Amino acid sequence: MTILDIHDVTVAYHRKPVLWDVDLALARPQLAAVIGPNGAGKSTLIKAVLGLVPMASGRVEVFGKPVGQVRRRIGYVPQRESVDWDFPVSVLDVVLMGTYGPLGWFRRPGSVERQTARDCLAKVGLAQYEQQQIGQLSGGQQQRVFLARALAQQADIYFMDEPLAGVDAATERMIFAVLRELRETGKTIIAVHHDLRTVPHYFDHVVLLNVRLVAAGPTATTFTPENLRKTYGGRLALLDAAGEAVRAGSGPS
Amino acid sequence: MLGLKYNTLIVLAGVSLLGASAGMIGSFAVLRRRALTGDALSHAALPGICVAYLILRERNLPAMLLGALASGVVGIMVISALCRWTRIREDAAIGSVLGVFFGLGIALSRIIQGLEGGGAKAGLDSYIFGKTAGMTRGDVELILIAALAGLAVVVLGYKQFLSISFDADFARSLGWPVYRLDLLLMSLVAVAVVVGVPAVGVVLISALLIMPGAAARFWTDRLATLLIVAGLFGFAIGLVGTALSATFLVLPAGPIIVLTGTALFLVSLLFGTRRGLVARVIEQRRFEGTLGLRRLLRAAWETRTSAGNARFSRDDLQARLAWPTRKLAVLLNRATIGGHLRPVGAGHYALTSAGEVEALAVVRGHRLWEAFLTAYPEQASGAANLASLSIDEYVSPAIAQELTAELKLAGRWPEGAT
């Protein structure tokens, strides 16, 4: 059974295609990066899979079923900028939202859920911040709160939209340690990623996207200068960085 | 009872309950940056009231409220459709709908007044400016039912409303019907508007929806607490406003209630513990003071080190810091009282031993920060925190050691006086 099957997905805003006929299948659990230039439709791909933006055409299946039937097995980390960090909630309140799915409509999070949320916060190193208002955290800490919320979902497949945007090096390593641990327990992670230099080091699967799907496959064989050139076109500065990364070492060490 | 007339008691109870309910429900609109939607709703309710009267040709309260609710909801749906399907922004959509519906309502009310004996019988004026004193027991019961229903919905759907207000995409990813939940919240606002319009009028009900929530935000960082505080604020605004207007009969209730709310809002804006202006100014002053003291100690340390003399003058510091004379005087005074500096002769100072320790920590911290920001500029926004002296909390020990070694190599690592 395929874990993720994206078939002929097209998304358009005001008739301009953002994604065009994208086909993608993941057969085995992966730690996968979605990469591509700005405006390539990386976030839109994730949102289309989750049903957050309407598809002009196409079909998506997760674990062989329509997304609507397997939502409890799906975790989501939205872009950090997508929410109002001034909102009156504490760090723990936000992480507790990850436990809402199985609670159904009217049950409230109780001590079990609270414990789950605290464990997840501890995993990302924010245990001592649970009572803080979320706006008081730094960018990297806010990103970790979102990761903790996704962990609290206890999902089998995670979609993450730029989980490393604006985080410092130490946070980046911590986040990847957590992702790798998830991967080792058989979960699938699909993350929009923007730093080409770290792709070969962290990810074992890449999806190269620029409105159309350029290539997808294991990092070692797919993350090549040729594919990157096809994805990024004439953006030479980026290509140089990518070339460096490819030379620096293909595949996780 | 307490020397209050039955009528006054009815009005007090009705308006306070209305305030509590509108305050709690309106908080969601405020938090979702939809405060103007309540305003649009109340204006959009007017044509519905008129149409109900035109159909029945009599002042039938339930029918008119139903009409108000219906046209209010239609107004909200038009706004949401305009935003969703056209390129009109939300503020423009709200403005247009508010104007069009209210204009239509006014036009219809003129037609009604033109009917024989229509205007006075319909009591339409009271829908525009409110007629608090005319509130009946039936009105209060209606408000009570609406308030309890609103409370029940908010309590039952608390976690859904929290999620869609904070992070709608995440709520959608859980499979919740965000659009319909949104409509439910807006309907609660509509109900509050409809039962509130006869009391304070179309124009002022939106103030009752917005002010308690906006004021409560200055006192708490928790949604649950905020909803309770906003409810209490709304209750208090209704109670005090009505009591004031009953005491000074020359003043109409609607505007007095709103002015009471304004007073409460201003007090919160100034003195609120969470983000009130006074608390923020104090916090900012304290922060500037800490930073200033650190700069002063760093300047003292650098002056002392470069001149090779334990004594330094106020002018030396002034040359380094280029601060206004008063700021320098204030901070020198504070450093002296704090035991970091001691005066030696007129206009001259030296670091105390406690001052030495602190100054060394400051200089080290500052230089490490500078080295870090130079070496890792892309992490500046994520990691830099001016309030923290040491970078240890923010970067890994390996990076801190590497930067220290670099500074030592460049001869910029300050060593303690031995």
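**Exercise 1.** Which backbone oxygen lies 2.7 Å from a polar atom of the side chain of Thr99(A)? Place the residue in its chain and say whether Thr99(A) is buried or exposed.

*Solution.* Keep in mind that we're working with a predicted model.

- Step 1: find the residue. Thr99(A) sits in the loop that runs between helix H2 (91-96) and helix H3 (100-103) of chain A.
- Step 2: look for the partner. The backbone oxygen belongs to Leu96(A), and the distance to the polar side-chain atom of Thr99(A) is 2.7 Å.
- Step 3: check the accessibility. Thr99(A) has a relative accessible area of 6%, and the cut-off for buried is under 20%, so Thr99(A) counts as buried.
- Step 4: list the neighbours. Leaving aside residues up to four places away in sequence, Thr99(A) touches Pro109(A), Glu113(A), Thr116(A) and Ala152(A).

**Exercise 2.** Describe the interface of chain A and chain B: how many residues are in contact, and what is the buried area?

*Solution.*

- Step 1: count the residues. On one side there are 42 residues of chain A, in contact with 33 residues of chain B.
- Step 2: take the area. About 3400 Å² is buried between chain A and chain B, with carbon and sulfur atoms giving 59% of that. On the chain A side, Phe87(A), Pro88(A) and Trp105(A) lose the most area to chain B, and together they make up 20% of what that side buries.
- Step 3: go through the polar pairs. Between the two chains, 12 residue pairs are in polar contact, both residues being at pLDDT 80 or more.
- Step 4: turn to the salt bridges. The rule finds four across this interface. Asp93(A) and Arg222(B) meet in a salt bridge through their side chains, at 3.9 Å from N to O.
- Step 5: see which elements of chain A take part. Those giving two or more residues to the side that touches chain B are helix H1 (42-50), H2, H3, helix H5 (139-152) and helix H6 (169-184).
- Step 6: sort that side by class. You get 20 nonpolar, 12 polar and 10 charged residues.

**Exercise 3.** Now for two helices of chain B. How many residues of helix H8 (residues 158-166) are buried, and where is Ser187(B) found?

*Solution.*

- Step 1: take H8(B). Nine of its nine residues are buried, among them Tyr158(B), Lys159(B) and Phe166(B).
- Step 2: move on to Ser187(B), which is found in helix H10 (residues 178-216) of chain B.
- Step 3: classify Ser187(B). Its relative accessibility is 26%, so Ser187(B) counts as partly exposed.
- Step 4: add a distance. The C-alpha atoms of Ser187(B) and Gly150(B) are 9.7 Å apart, with these positions 37 residues apart along the chain.

How values were computed. Residues are numbered from 1 along each chain as its sequence is written. Chains are lettered from A and ligands numbered from 1 in the order in which they are written. This is a predicted model: local features need pLDDT of at least 70, side-chain atom pairs count only at pLDDT 80 or more; totals for chains, interfaces and linings use all residues. Side-chain values use heavy atoms; hydrogens and water are left out. Helices (H or I, at least four residues) and strands (E, at least two) are DSSP runs, numbered from the N terminus. Buried means under 20% relative accessible area, exposed over 50%, partly exposed in between (1.4 Å probe, protein chains only). A polar contact is a pair of N or O atoms within 3.5 Å; within protein, one must be able to donate a hydrogen and the other to accept it, and residues adjacent in sequence count only if both atoms are side-chain atoms. Contact means heavy atoms within 4.5 Å. Buried area is the accessible area (1.4 Å probe) that two parts lose on being put together, summed over both. Ala, Val, Leu, Ile, Met, Phe, Trp, Tyr, Cys and Pro count as nonpolar, Asp, Glu, Lys and Arg as charged, and the others, Gly among them, as polar.
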